[in-house]
Amino acid sequence: MLTDQQIKRLETLLPKPWIATGKEDLLCYGFDATQIEFMPDVLVRPSTADEISKILIFANQEGIPVVPRGLGSGFTGGAVPVQGGILLSQERMNRIIRIDEENLIAVAEAGVITGELHRKVREKGLYYPPDPSSSDFCTLGGNIAEGASGPHSVKYGGTRDYLLGLEMVLPTGEIIQTGGETVKRTVGYDLTRLMVGAEGTLAVVTRANLRLLPFPEHQQSLLAIFSSIQSAARAISHIIRSKVRPSVLEYMDDASLNIVDAYQRFGLPSEAQAILLIETDGERRAALEEAEVIKVLCMENGALSVEFAKDEEEKRKIWKARKALSQSLYKLKPTKINEDIVVPRSKIAEMVQGLSELSKKFQLIIVSFGHAGEGNLHVNIMTDEKKKEEWDRAQKAVEEIFELTLRLGGSLSGEHGIGLTKAPYLPMELGPGEIALMKSLKKTFDPRGILNPGKIFPRVKG
């Protein structure tokens, strides 16, 4: 809890309208998409790196926790102020500073909404491929902190692949620049990439230099319907092994289909058990030819049908349903446990079959969908946290899902990070040596441990 004197000192560092302590001001900043809630002591909304530097120098001197925050769309509690302290919102740092059409670079502040960057560069015929489902309300800084990607990462990669350089403020207040605006750079340690997935525990990113691409001439969407999970998984494997590289290869299980069909009325056949949402892109003729190759591969692997989106309206309908799926799940149960496990692509069928068995074992609704082209599945356990017995079953299911994931050679997270909710499970994947090395990096950057404490690493009991 900050003292009155400490708050008064903070008020000398930031103009009065941009610092708040009233409960009504703090309520919206104490939780993220997990709905886990911890109230901060004070909210600050700086607009420059210099203001953040002053805040961090003060907090470091006083030993006060500081939690950086974008717009709170994360699924692991990464932006939740578990120890109170200062909630540092970057919502005012929302300027796209420059779009360099000659060098294919965008320079933008950390609080820029990802979808807004997409729209601005698209107006110039350019493309920023990372596109999380929450792109209309997540920020670039949050994407960097969590290592976000999205459906197009199967061909284009995720946020880490588009970072050329960063401006950031260390917990001790120094403002530093990493990387630059060149597409290649090998000078010392790659401090830019180190920030990807660091979850705001090492520094506060304030500005990013981002690589852009020319926007593809044509994008062709396909909807492939399968009567079994196994046939869909075989098709995924054959597509990945082929000479064709789709820009999107998304999977949805039967539970997802029921929700999507109710949402968009696709009129899916009753025997549909899985669908693949696929997209090819590039020069128009090449994109259409690749789509035809993929259609043949799907049919050879048991697809009931493969339909091409005939126009932009059909394409929007397909992707609108996919993007709405996560929120639509709340129609099933009031509480969602959202995990984003990754397995080798050849193990997708085994993973999905295992999820079906765990659903029956724990008598829970488990819905899976996601980026099949990378083996990254969003596994959603639908439950009710107010029903203790059901909630306890859900927690046991999470642990067994992680055990299965690791047995299959996978990882606990592909793009959501560890944060608060997955921290207890970190030692399931990483050994003592790896965790100790990460903690030593944390201590080097943040000697007093003020920046986003309580995240990533399991809490020590006692």
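**Note on the predicted model: backbone outliers and overall build**

1. Asn452 lies in the segment that follows α15 (432-445). This is a predicted model, and in it Asn452 has a positive phi of about 45° although it is not a glycine. With a relative accessible area of 2%, Asn452 is buried, since buried means under 20%.

2. A positive phi is also found at Leu104, another residue that is not a glycine, with a value of about 55°. Leu104 belongs to the loop between β5 (96-100) and β6 (105-109). Is Leu104 buried or partly exposed? Its relative accessibility is 25%, so Leu104 counts as partly exposed.

3. As to secondary structure, the chain contains 15 helices and 18 strands. Its radius of gyration is 23 Å, close to the 23 Å given by the globule rule for 462 residues, so the chain is as compact as a globular protein of that length. Taken along the principal axes, the box filled by the C-alpha atoms is roughly 70 × 60 × 45 Å.

4. Regarding packing, 56% of the 462 residues in the chain are buried. Among contacts with a separation of 6 or more, 73% join residues that are 24 or more positions apart.

5. On the surface, the chain exposes about 20,500 Å², and carbon and sulfur atoms supply 51% of that area. The chain carries 57 positive and 61 negative charges, and the mean positions of these two sets are 1 Å apart.

How values were computed
Residues numbered from 1 in each chain as written. Predicted model: local features only at pLDDT ≥ 70, side-chain atom pairs only at ≥ 80, totals over all residues. Heavy atoms only, no water. Helix = DSSP H or I, 4+ residues; strand = E, 2+ residues; numbered from the N terminus. Rg over C-alpha atoms; globule rule 2.2 N^0.38 Å. Buried < 20%, exposed > 50% of the residue type's maximum accessible area, 1.4 Å probe, protein only. Contact = heavy atoms within 4.5 Å. Areas by Shrake-Rupley, 256 points an atom, 1.4 Å probe, with all protein chains shown as cover. Lys, Arg positive; Asp, Glu negative; His and termini not counted. Charge placed at Lys NZ, Arg CZ, Asp CG, Glu CD.
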